[in-house]
Structure formats: structure tokens, C-alpha cells
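Please walk through this model from its internal space outward to the contact of its chains.

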Amino acid sequence: MESTRYQKLISGVEPTEMVLNMGPQHPSTHGVLRLELITDGEIVKEVIPHVGYLHRCFEKHAENLTYQQTIPFVDRLDYLASMNSSHAWVMGVERMLGIDGDIPKRIEYIRVLVSELNRIGSHLIALGTYGIDIGAFTPFLWCFRDREHIMNMLEWASGSRMLYNYIWVGGLFYDLPVGFEERCKEFIDYFKPKMGELNELLTGNEIFISRTANVGVLPLSTAINYGCSGPMLRGSGLKWDLRRVDEYSAYPELEFDIPVGKGEMGSVGDCWDRFKVRIDEIEQSVHIISQCLERLQTDLKRTQEFDPRARLPKKIIPKAQDFYMRAENPKGELGFYFITDGKSEIPKRVKARGPSFCNLSVISEISRGILIADLIAIIGSVDIVLGELDR
Amino acid sequence: MTFEEIKILLTEKFGSDVIVGEETEGRQPALIIKPEAIAEVCLELRDNEKTWFDFLASLSGVDYGVEENIFGVVYHLASIPYKNSLTLKVRKYHDRSREELPAFPTVSEVWKTADWHEREAYDLLGIRFSGHPDLRRILLPDDWEGYPLRKDYKAQEYYHGIKVD
């Protein structure tokens, strides 16, 4: 058999070069990711990512369980953004059943509300751990402190802290608890000035800027060709957000901007731009949450009769079809491809397209000839979650 | 461009036998392409200024079941400039013999993202992509036996002395 690119790279290592393993047990790889580096002193010649340490056979499980039973597994893909993942899954199933138009408005707004809360939580982890990667410890503690409020609220609504199983096909597990809207409003008022503090501490910090600006520049054409999405793609300057492109759920009625990288501190598509896009997205999510709360407290107020489980289908058997559902997760485009046979409650084939998987694949392209310390900055700026990368 | 216009564009460029079938019943119509031509078709769809499918959203290998013994690959293309999407499929009969895997041309030259997606399809379904520069297992260990997402898959009993269940 012809030798692969990997074999050629490894057999072509010069005597002056060194093969170095970074990970899988290394905090800066954000989980169990192993990067095999070919280095010449401090210079990285080549990065070869090895993934799969957290492979849990998601697709095999999904092909043996009903759609509703798979939701807890979907939560465990991107465990930092379970709400967003199950929202995507549920919308896919609903569209296959043809009931996506009958979902009550209150349910759609609650889904968007919890998803956006979760998006903030996910971005806070991305920003906080990125600070640690660069060497700033305080932002990490601040981000986790604020995320704790989100976790508590979502726990109140769903009963669990991280893996919610809250959004169901055709409805929700429960309605929001009484008083949730008020508490969420309080959180928003508390949280807004906190972002300003974080910006003062980290975003505009001179050391931070010199570590991230002009590092790991990802040109737009490369980003598109490698299938990058989410803040990776927007950091490179493209206004591409599936919440606007596909206009799903309640998003067409909500107002928000799509932040993009502008190269303020260096060039467009560098690590600082990707970081800044996440900061700006938190602001937009806060804006979306305020609008949702407004609606949920006025014309979509809770009533005695409202039952979030009223429209749950008894049996979920979609017609025979192929369907690809995509949605904007905090990390990028999460896609589910279903093949159904029209007879069974179990899909014939499910493929999950995780954003981290595609976003990470570009890393060897943008990490040639850089310093090892810069590689840490680049991995952090990609914001991977290994649970969804390895599935 | 609509689905019909894309069909006309492809038949004009590559001849009428390049599209071997189509599925239009579902919400997302799909074109079934002649397996040998898939790489050229993809390149044309990416570079033609009327289509500009510059983004490969997903690439999935599929085993259509033990009765039919058909293997396939499904490509989900998206065009960022036109906000359009398209599904392409290739499929092929294969008798599940261990010696030779079902093979399709690689599209990793067209979209670099296909590199890892094709490795995943090879890893989990045992579909070979001819011309792929780095066809290794990606999610499973290199010495894993069999292809788990095949419909006739039976897990090995022991892996390095560890019971598999």
C-alpha cells in the first residue's frame, strides 16, 4: 500500500528535528487531544492532530435508539452547550415529522432563551480558559463565577447542571419555574457590567494583545475550504450565522447583530479577532435574552392551561426521507444527517457533523513555522470540545 | 440556481450519464452522481460562478443495509454567496468481501475539510477514497478490527486482552 502523508512526515524527520507529543493529558489541549509536533528547537515545523480518545460511538447509539431516547446522548456531544445541541436535534426531528410549524410560540421562545443562556456559558468557558492558556488566571475565575449563575438557573429549569435533556421533540420537559423570568432579568442586570470588567482586564490588556494579535492568522478562503464555522469563520471576517441564514425557531423575530473579526489589533482572522467575536457574541446573546424575557412576560406569559408537553407526539415515526439539519452552536455549525425508512421509530443512519471536528482540522495549516507557545494560543482560540469532536 | 438548473448545468458540462438518478420526494432534493465523476462534478460546482458551492458542510458514509449490499457517500454542499444548499450522493454495490473495500474518488482536493470526513467514513464504515493522501483511521485505534457502523458489524471479543462489550 502507498504510504500515507503521516508516514512520509514522520519518516522525513531530520536528525536536527524532534518529534514531540503534546497531550493527550495536557491542560492546554482542552481535553484529550494529542498533537504530534515536529519541532526544530522552538519552531513548530508540522502539527499532526490525533483525535478519538473520547469516542463514545454516538452514531451507533443513535442508530439503535428512538429519537427521544437519543436526546441525552446529543447533550453529551458538546457538553458545554447541551441546550443548543438538543435544540438542533429536536428541530431536525420536528421538521421530518412536519410539525415544526405547530410548536407554540412560548415554547420556541423558551428554547431560544435557554439556548442563548447556554451559549453565554459556553463562551465564558472559552474566554476564561483562553486567559489561562495565555497566562492570565483571574479572568478564568471571573468567568466561572458568572457562569455559575447560568448553571444554577438552568438547573432550576431542568433539574441538572450540565446535561439538561430539557428540550423535547414537540415541546419541553417542563415549563420554566415560576419566578425564572425575574431571576433571569436580575442576572442580566448583574452580568452586563461584568463584561465591561472582563474587557478591561483581558481584551484590551497589552500582554494579551501581544500574545494573540497577528498569531494564527486564518485567511477567509482557507477557513471556508476547511469547513470552519462559527466564531472561527466570523473571526476571519465573514458575516455567516445560521441563526440569520436559516431563520429557524424564534430567531427571525429577534434583533441581533453578527459580530465579525475586523483586525483591530493585528490582521483579520488572528487569535485576538476570534476572541473578540466571542466577547461580542455574548453581548448579542444578552440582547436576545432581554427580548425573549420581554415577550415571555407580556404576550407569551405563562397561563394555567399552558402545557409544554401537550404536543409531544405519541410515536415518532417520520416518513422515509433523508434530512440534514444544521443549526448555529456556540462553536459553529452543528449538523445532523438522518436517514429514515418510514416504518421504524429508530433512524437508519445518523451522522453528526460537529463544528469542533472541522474547526480543528485547519490547525496544521495555520501552525507551520510558529513558536510552540503560539500553538497554545491557537488551540485555545479554536475553542474545541473533545466530546463533540470525538463523538 | 434552482435544483433543475443545476441538473441542466451538470448534464451540459459532463454529458447526460453523469446524473444516474435523483430523489425529489423529501424536503431536500438530492442528485445521484456517477461515482467515477464525483470529484470533477464537485470541482465544477465549487468553481462555477453560477453555483459557487464553496462550503462542504458534511460528508457521510452510508451502509444501506445487508439485503441490498449498497454503500454510498452523501455530500452536503452549501454555497455561502448564494445561501443555497445541495445534496449529492454516490452509491455502489459491494459484496462485503474483506479483501477489497468499496471505493469512491476523494474530494479532499476540492474541499480540504473532506480530508477528515473521508477518514471518518473509512474508519467507521470501511469506505475507501482513492487518491486520498492520508487515509488512516481517525476516531478508532489503528489496530481496531472491522467497521462499527456497518450493518453487519460484530465487535471483536477482546482488544489487547480487554473484553469489549
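In this predicted model, the element that gives the most to the lining of the largest cavity is α6(A), with four residues. Helices α5 (105-134) and α6 (138-158) of chain A each supply at least two residues of that lining. The full set of lining residues is Tyr79(A), Leu80(A), Asn118(A), Gly121(A), Ser122(A), Arg147(A), Ile150(A), Met151(A), Leu154(A), Met162(A) and Tyr164(A). By class, the lining of the largest cavity has seven nonpolar residues, three polar and one charged. The space in this cavity comes to about 50 Å³, and the structure holds four cavities of 30 Å³ or more.

Next come the charged pairs. Over all chains, the count of salt bridges is 49. One of them joins the side chains of Glu63(A) and Arg349(A), with an N to O distance of 3.3 Å. Glu63(A) sits in the loop between α2 (58-62) and α3 (67-75) of chain A, while Arg349(A) belongs to strand β8 (residues 349-353) of chain A, so this salt bridge ties together parts that are 286 residues apart in sequence.

Salt bridges also occur between the chains: seven are found across the interface of chain A and chain B. Arg5(A) forms a salt bridge with Asp115(B), and the closest N and O atoms of the two are 3.0 Å apart. On the side of chain A that touches chain B, the residues divide by class into 19 nonpolar, eight polar and 15 charged. Polar contacts between chain A and chain B, with both residues at pLDDT 80 or more, number 20 residue pairs.

How many residues does the contact take from chain A and from chain B? Chain A gives 42 residues and chain B gives 43 residues. Between them the two chains bury about 3,800 Å², and 57% of this area is on carbon and sulfur atoms. Which three residues supply more than any other three of the area that chain A buries against chain B? They are Arg5(A), Asn225(A) and Phe357(A), which supply 16% of that area. Arg5(A) thus appears twice at the interface, as one of these three residues and as the salt-bridge partner of Asp115(B).

Methods. Residues are numbered from 1 along each chain as its sequence is written. Chains are lettered from A and ligands numbered from 1 in the order in which they are written. This is a predicted model: local features need pLDDT of at least 70, side-chain atom pairs count only at pLDDT 80 or more; totals for chains, interfaces and linings use all residues. Side-chain values use heavy atoms; hydrogens and water are left out. Contact means heavy atoms within 4.5 Å. Buried area is the accessible area (1.4 Å probe) that two parts lose on being put together, summed over both. A salt bridge is a side-chain nitrogen of Lys or Arg within 4 Å of a carboxyl oxygen of Asp or Glu. A polar contact is a pair of N or O atoms within 3.5 Å; within protein, one must be able to donate a hydrogen and the other to accept it, and residues adjacent in sequence count only if both atoms are side-chain atoms. Ala, Val, Leu, Ile, Met, Phe, Trp, Tyr, Cys and Pro count as nonpolar, Asp, Glu, Lys and Arg as charged, and the others, Gly among them, as polar. On a 1 Å grid over the protein atoms alone, a cavity is a set of points where a 1.4 Å probe fits but cannot get out, and a pocket is an open set with protein on both sides within 12 Å along at least five of seven lines; lining residues have an atom within 4 Å of a point. Grid points are joined across faces, edges and corners, and a volume is the space filled by probe spheres set on the points.
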